[in-house]
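Hi,

Here is the structure I promised to pass on. Have a look at it first, and then read my notes below.

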Amino acid sequence: WDIDKGVAKDVGRRHSSWINDIAIDESERILACASADKRVSLWEVGTNDTLNCIRTLLQHRDWVMKVIFTKEDSNILLSVSKDATVCIWNVKEQQLLKVMDDGHEAPILSICQSNINRQGIRHLITSSEDKTCMFWNLKNQAVARQGRRKKHSVGHTGPIYDVACSPDGAYFATACEDTSVRIWNAITCVCLKKL
């Protein structure tokens, strides 16, 4: 969009259904779109502000709900889907690196990446229709654990539609169909405040 004139500079059409989310990489030249057509599309913004679809990523078996570029490496893209999986993609190579599917038992609706917390850890946090948020270790490409148990939050009574992390990595917030927003301790997964 040309913000001053309020007109579209270019229109990219690739998907056959809703686009649920969009993410922009650090260079501000690569866009990723998550769609209800089960696909992730990668777009390059040209020097004359044109959009060129460079690849469609196919792996998910249901709606793709959200995409994010990782904070460590904007070449790594994460996508979450109603198929209850988290996919890790290499954008430069345009290939799938890993499918993480051992966390949630229901559709995943959102994902965020925390900043490094006091313990020196940076987690991925996903929210789901199973009423929980699950923690993931991106380095190990697996669910994070507290002892033998999977690290997750429990307390909401409905699907959790969104999750966000505090800048210091100490807290995360959730927005739920049960009409509440909750603030959680990111280390202990204890709910600190219900709004």
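**Around arginine 14**

Leaving aside residues up to four places away in sequence, arginine 14 touches Arg39, Ser41, Trp43, Cys53 and Thr56. Keep in mind that this is a predicted model. Arginine 14 sits in the segment before strand E1 (19–24). One of its contacts, cysteine 53, is 39 residues away in sequence, yet the C-alpha to C-alpha distance between the two is 7.7 Å. Is arginine 14 buried or exposed? Neither label fits: its relative accessible area is 40%, so it counts as partly exposed, since buried means under 20% and exposed means over 50%.

**Strands E16 to E19**

The other part I looked at is a run of strands joined by hairpins. Here is how they go, one pair after another.

- E16 and E17: strand E16 (residues 160–165) pairs with E17 in the antiparallel sense, over 5 bridges. Isoleucine 160 has cysteine 176 of E17 as its bridge partner. The hairpin leaves 5 residues between the strands, and glycine 169 takes a positive phi there, near 75°.
- E17 and E18: these two also run antiparallel, joined by 5 bridges. Alanine 175 stands opposite valine 181 in E18. This hairpin has 4 residues between its strands, with threonine 179 at a positive phi near 70°.
- E18 and E19: the pairing is antiparallel over 3 bridges. Tryptophan 184 has its bridge partner, cysteine 191, in E19. Of the 5 residues between the strands in this hairpin, cysteine 189 takes a positive phi near 65°.

**The two faces of E17**

Which residues of E17 are on its covered face? They are Phe172, Thr174 and Cys176, while Tyr171, Ala173 and Ala175 make up the uncovered face of this strand, which spans residues 171–176. In a regular strand the side chains alternate between the two faces of the sheet. Two of the bridged residues come up again here: cysteine 176, the partner of isoleucine 160, is on the covered face, whereas alanine 175, opposite valine 181, is on the uncovered one.

**A nonpolar patch**

Tyr171, from that uncovered face, turns up once more on the surface. Together with Val190 and Leu192, Tyr171 makes a nonpolar surface patch of about 260 Å². Valine 190 lies in the loop between strand E18 (181–185) and strand E19 (191–194). With a relative accessible area of 44%, valine 190 is partly exposed. That value clears the patch cut-off of over 30%, so valine 190 can be counted in.

Cheers

How values were computed
Residues are numbered from 1 along each chain as its sequence is written. This is a predicted model: local features need pLDDT of at least 70, side-chain atom pairs count only at pLDDT 80 or more; totals for chains, interfaces and linings use all residues. Side-chain values use heavy atoms; hydrogens and water are left out. Patches are made of residues with over 30% relative accessible area and no salt bridge: like charges are joined within 9 Å, nonpolar side chains (Val, Leu, Ile, Met, Phe, Trp, Tyr) within 5 Å. Accessible areas come from the Shrake-Rupley method with a 1.4 Å probe; for residues, only the protein chains shown count as cover. A salt bridge is a side-chain nitrogen of Lys or Arg within 4 Å of a carboxyl oxygen of Asp or Glu. Buried means under 20% relative accessible area, exposed over 50%, partly exposed in between (1.4 Å probe, protein chains only). Two strands pair if DSSP finds at least two bridges between them. Contact means heavy atoms within 4.5 Å.
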